[in-house]
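Here's a quick briefing to read with the structure open beside you. Take it topic by topic and find each part as you go.

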Amino acid sequence: MQIDWLACAHDALRHFPVSPNHVRLISRAENVSFYVEAEKNERYVLRIHRPEYHTLSELIAEQVWTEALLAEGIDVPVIVRTTDDERYTQVSVNGDIRNVGLLQWVDGKTLREQSHGSPDVEDLIRIYRDVGNLLATLHEQASRWEPPEDFVRHSFDEHGLMGERPFWGRFWEASNLTAKQLDHLLSMRNQIFTLLARLPKDRNVYSLIHADLHTGNLISHGDSLHIIDFDDSGFGWHCYDFAVALSEVQELELREPLLNALFRGYEAKRPLKDWVKDLVPLFNVIRHLVHIGWIDARPDLSIDPAYKRGPYQQAARQFDKVVADAEAVIARIPGTANAI
């Protein structure tokens with residue numbers, strides 16, 4: 001059944017203290033997002049959240065954390081409460097109840113847009129050094145902060161990443177991969193689960209993480225970087241945030257200098273253990289593996305221009321990326337893990 005998303009957006013906006021003059025669809029991927037212009041030149045982002053991904057309690061926890069980050073001067077989304085002083089309202093979409101939130105709009109370009117096609121390696125190194133600096137600030141707050149007792153958010157531990165019911169799906173059962181490929185993925189999953197189960201989870205290395213802090217989720221806003229899209233945030237190893245930050249770098253000759261730039265930016269604000277640095281290649285592999293599950297669970301991505309070849313072709317290409325270096329990475333880990 002065809003969904004009139006614009007009508008849904010207007011229905012939701014009736015519950016917020018804004019008088020919209022213009023509402024425009026800007027994204028229909030994970031969540032359905034709208035740009036909203038209102039009186040007095042006020043601008044917002046309205047997000048209609050997808051069902052069965054986060055409970056209302058989990059969505060509230062996301063905002064509780066971003067408000068704590070904001071209180072420490074970290075540039076993150078500013079929420080707008082409903083006229084009833086609630087964090088979210090709800091609308092019916094073809095019989096499904098969807099949670100809807102409103103955020104203040106932030107001008108600027110994403111770092112992805114700024115760095116796209118840039119031939120200047122020094123510019124990229126500067127960008128990734130800034131990202132490392134920001135990650136240190138984020139991790140430092142998360143390591144010190146005490147969430148309230150009713151705070152509910154998922155975990156990217158060994159179970160959340162490689163368990164029987166991982167957060168982003170059972171990637172070793174992905175569609176359109178051969179039986180041999182799936183066996184290979186299952187073997188890697190079992191090995192990595194064992195490795196992750198041995199890692200420390202003290203707050204200096206494991207806390208709330210953004211979990212999707214690539215350059216597309218960082219907006220250059222004046223003299224600061226504005227972090228968006230905390231939808232995937234949860235408890236996990238800091239290593240994973242490094243892997244995500246580096247995940248868009250396809251040129252092999254750039255990976256090492258940009259990773260070193262991330263580390264330099266991070267260590268300018270916060271100490272970083274050697275074993276954390278050593279395990280980033282493993283978490284790069286993990287990022288590719290979980291992305292296979294993420295793609296396979298979203299067949300509707302075939303309608304998104306960013307996935308012109310369709311989700312299953314994306315999964316097949318992701319498999320090739322993983323097997324290119326996974327065995328070498330896993331083989332090096334036991335010695336590293338003994339030094340933790």
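What follows covers a helix, the nonpolar cores and a small set of paired strands.

Keep in mind that this is a predicted model. Start with helix H10, which covers residues 280-296, then move on to the sheet ordered S7-S10-S11.

**Helix H10**
- With 17 residues at 1.5 Å a residue, H10 should span 24 Å, and its end C-alpha atoms are 25 Å apart, so the two values agree.
- H10 is mostly covered, with 15 of its 17 residues buried.
- As background, an α-helix has 3.6 residues a turn, so residues three or four places apart point the same way.

**Nonpolar cores**
- The largest nonpolar core has 79 residues, and Phe283 and Ile286 are the ones that touch the most other members.
- If you skip neighbours within four places in sequence, Phe283 is in contact with Leu161, Leu196, Leu199, Trp237, Cys239, Tyr240 and Ala243.
- There's also a second, separate core of 20 residues, and among them are Leu13, Phe16, Leu46 and Ile48.

**The sheet and the helix across it**
- Three strands make up an open sheet in the order S7-S10-S11, and they pair in the antiparallel sense.
- S7 (109-110) and S11 (224-227) are the edge strands, so to speak: each of them pairs on one side only.
- S7 and S10 (residues 218-221) are joined by 2 antiparallel bridges.
- Look for Thr110, which stands opposite Ile219 in S10.
- Helix H4 (residues 121-144) lies across S10 and S11, and it runs at about 60° to S11.

Notes. Residues numbered from 1 in each chain as written. Predicted model: local features only at pLDDT ≥ 70, side-chain atom pairs only at ≥ 80, totals over all residues. Heavy atoms only, no water. Helix = DSSP H or I, 4+ residues; strand = E, 2+ residues; numbered from the N terminus. Expected span 1.5 Å × (residues − 1). Buried < 20%, exposed > 50% of the residue type's maximum accessible area, 1.4 Å probe, protein only. Core = buried A, V, L, I, M, F, W, Y, C linked by side-chain atoms within 4.5 Å. Contact = heavy atoms within 4.5 Å. Pairing = 2+ DSSP bridges. Axes fitted to C-alpha atoms, helices over the stretch in contact; angles between N-to-C directions.
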